[in-house]
Amino acid sequence: MKAEISWLDDPQTFRVNQLPAHSDHRGYATAAEAAEAKSSLVQSLDGSWGFAFSKDPQHRPVGFYEPDYDRSDFDRLAVPGHIELAGYGQIQYINTAYPWEGKHYRRPAYSMGADHPEKGMFSTDPENTVGSYVKHFTLNPELRHQRVSIEFDGVEQAMYLWLNGHFIGYAEDSFSRAEFDLTPYLQDGENLLAVEVFKHSTAAFLEDQDMFRFSGIFRSVRLVAKPALHLEDMTIRAGVDDAFVTGNLNVKLALSAVDKLAGAVKVSLFDATGNVVWTDDAEAADELTVQTTVNHVHLWNHHDPYLYRLEVTLLDADSQVVEVVPYPVGFRRIEMKDKIMQLNGKRLILNGVNRHEWDAHRGRAVTAADMAHDMQVFHDNHINAVRTCHYPDQDDWYYLCDQNGIYMMAENNLETHGTWQKMGVVEPSYNVPGSLPQWQLAVLDRAKSNYEMFKNHAAVLFWSLGNESYAGDDIAAMDKFYHDADPTRLTHYEGVCRNRVYEDQISDMESMMYDPPREIEKYLQNDPDKPFVNCEYMHDMGNSIGGMNSYIELIDKYPMYQGGFIWDYIDQALWTKDEVTGQPVLRYGGDFDDRHADYEFSGDGLLFADRTPKPALQEVDYYYGQHD
């Protein structure tokens with residue numbers, strides 16, 4: 001198959017040769033490896049890569065992926081990382097508009113009619129920068145002679161992949177893992193991996209988040225070996241009976257094999273102290289389901305995030321262990337009862353924040369230290385919930401939320417703000433995805449990637465369809481997908497308030513942004529059909545967070561008011577050297593000769609970008625502490 005640059009212009013081409021999305025479990029060769037959480041089946045490709053930057057598609061090094069191409073003039077670039085923060089291209093911060101507005105007239109493909117595919121919009125764009133990456137690697141001994149896939153945790157925004165000169169595949173959806181099978185083209189000795197990253201494609205219309213607009217391979221990359229018998233996917237349902245005493249565990253497994261399926265599967269559940277609670281054995285099969293009940297189950301919640309450990313062991317026909325897969329399991333029930341969201345039979349109160357992934361040195365290429373620090377801030381200030389605005393986060397964050405009892409609103413990667421709101425006015429004449437059939441599969445794919453990856457995390461209570469994208473048939477289809485795939489959780493979407501025709505088809509809760517307390521009270525006094533959640537409120541820009549008590553008082557007055565998520569957790573700003581003083585300074589939008597820009601609007605966090613708390617955090621600590 002040949003790669004086509006025209007895919008950049010087509011919203012109906014968003015994944016080519018990608019492996020299906022699946023659960024985020026990790027396989028280990030032995031139980032000892034699993035205990036140490038260090039897998040010999042994984043080989044990291046993070047580090048220094050060869051790199052060439054091009055100002056537009058027409059000036060990119062065509063054929064750079066061929067083994068005999070002369071790459072002697074390529075630079076070096078760190079992966080993970082952003083191209084712009086390495087000194088290439090333009091750093092730009094924008095809130096609701098698109099980067100090209102004021103420069104190029106553009107309408108999303110098919111938004112002006114089925115006969116307007118807008119060919120060439122991004123494939124010939126004079127400002128669509130390109131990063132050409134190359135990495136030489138030799139397989140670790142443990143990965144040789146096995147099936148091997150490659151995982152990209154985050155590439156912004158459209159990527160083409162080659163191995164040893166052979167085209168492998170194409171992906172968009174910057175914040176979801178993209179996985180490809182490399183097995184047919186791997187060779188003994190050194191291999192050449194090549195990735196071509198375009199800053200813009202039709203995905204740019206779907207990723208109009210309030211953030212700095214970067215590009216590049218900004219999350220980790222790894223090779224993963226699949227043993228002869230391999231666990232491809234796992235769906236865990238850990239619920240509880242109506243008395244909240246007996247746990248109900250249902251585990252669905254999907255296996256693959258090099259030849260025919262042969263061998264056995266052992267599934268065990270351990271409590272937090274390592275004692276065996278339950279174990280079962282079954283013959284290997286393409287798909288199998290095991291289930292059990294757990295008497296006097298220890299429930300998971302914010303104050304007591306108790307986790308059991310599930311362990312799946314695959315054995316070959318000779319009863320030799322070939323793969324061990326551990327996974328944390330939290331038993332809990334999230335449900336709507338009497339129009340109130342309840343967790344384990346008790347009314348749920350969300351002391352939440354919206355959290356962009358951010359590091360003042362590294363942009364969205366956040367580190368484990370960043371995440372650990374944020375989790376400590378949550379604990380210190382009575383924050384019990386987080387909305388992953390407005391995309392899936394790094395995988396490690398979900399495990400941290402499981403371990404620390406942080407309730408998650410898991411949002412998929414979608415915001416199309418600039419297609420329906422112009423200069424503050426609702427004007428959806430060319431909104432996407434809207435009800436356009438040509439865009440529906442792309443947004444459904446983003447929903448599926450979000451669900452499949454994070455479906456087993458106890459911390460995830462809600463699936464969020466995205467952010468500020470108006471409403472139409474396509475978002476209604478996303479809501480239906482989540483409910484069909486996962487009846488154990490609730491859905492969220494705020495944008496339906498802009499198009500009330502869909503309010504019975506989208507979102508289990510009434511969700512608003514920055515609604516004044518008096519307006520919320522009016523809603524709650526009118527016998528509403530849905531509970532109320534502030535998905536964004538108390539916009540923390542400048543000397544803000546004053547008046548928070550007016551929202552907190554609603555919690556005690558109205559059971560259907562269930563809290564919300566402050567906008568937002570951390571400033572988006574970058575450390576740079578001041579040209580005059582030579583001293584390091586934090587700079588915001590507009591400080592990088594970026595025009596157009598939304599300037600200091602990126603500075604609306606409870607923390608400065610270097611993670612220094614602002615005075616407003618004291619207010620949050622005080623009021624959230626009243627209902628912790």
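# Briefing: two loops, two helices and a pocket

N128 sits in the loop between strand 5 (93-94) and strand 6 (130-138). The model shown here is predicted. This briefing starts at N128, then turns to a second loop, a pocket and two helices.

**N128 and its surroundings**

- N128 has a relative accessible area of 0%. The cut-off for buried is under 20%, so N128 counts as buried.
- The side chain of N128 reaches the backbone nitrogen of H200 at 2.7 Å.
- Leaving out residues up to four places away in sequence, N128 touches L8, K55, D56, P57, F122, F198, K199 and H200.

**G418, in another loop**

- G418 belongs to the loop between strand 28 (407-411) and strand 29 (421-422).
- G418 is buried, because its relative accessibility is 3%.
- In sequence, G418 and E101 are 317 residues apart. In space, their C-alpha atoms are 9.5 Å apart.
- E101 is also one of the residues that G418 touches. The others are T96, Y98, D208 and Y430, not counting residues up to four places away in sequence.

**The second largest pocket**

- This pocket holds about 430 Å³ of space.
- The second largest pocket is lined by 25 residues. Closest to its centre are N95, T96, A97, H417 and Q421.
- The lining of the second largest pocket is mixed: eight residues are nonpolar, nine polar and eight charged.
- T96 links two topics: it is among the residues closest to the pocket centre, and G418 touches it.

**Helix 4**

- Helix 4 (residues 395-404) is mostly covered, with seven of its ten residues buried.
- The buried residues are D395, W397, Y398, Y399, C401, D402 and N404.
- These buried residues pack against strand 22 (321-329), helix 3, strand 27 (385-387), strand 28, helix 5 (437-454) and strand 31 (460-464).
- Just after helix 4 comes G405, with a positive phi of about 70 degrees.

**Helix 9**

- Which residues of helix 9 (residues 616-624) are buried? They are A616, L617, V620, Y623 and Y624.
- These residues lie on the same side of helix 9, because they cover an arc of only 130 degrees around the axis.
- An α-helix has 3.6 residues a turn, so residues three or four places apart point the same way.
- Q618 and Y622 are exposed on the other side of helix 9.
- The buried residues of helix 9 pack against three strands and two helices, named here: strand 26 (350-354), strand 34 (532-537), strand 35 (561-566), helix 3 (368-380) and helix 8 (548-557).
- Helix 3 appears twice: buried residues of helix 4 pack against it, and so do those of helix 9.

Terms used:
Residues numbered from 1 in each chain as written. Predicted model: local features only at pLDDT ≥ 70, side-chain atom pairs only at ≥ 80, totals over all residues. Heavy atoms only, no water. Buried < 20%, exposed > 50% of the residue type's maximum accessible area, 1.4 Å probe, protein only. Helix = DSSP H or I, 4+ residues; strand = E, 2+ residues; numbered from the N terminus. Arc of directions from axis to C-beta. Contact = heavy atoms within 4.5 Å. 1 Å grid on protein atoms, 1.4 Å probe; cavity = no way out; pocket = protein on both sides within 12 Å on 5 of 7 lines; lining within 4 Å. Points joined across faces, edges and corners; volume = space filled by probe spheres on them. Nonpolar A, V, L, I, M, F, W, Y, C, P; charged D, E, K, R; others polar. Polar contact = N/O pair within 3.5 Å; in protein donor to acceptor, adjacent residues only side chain to side chain.
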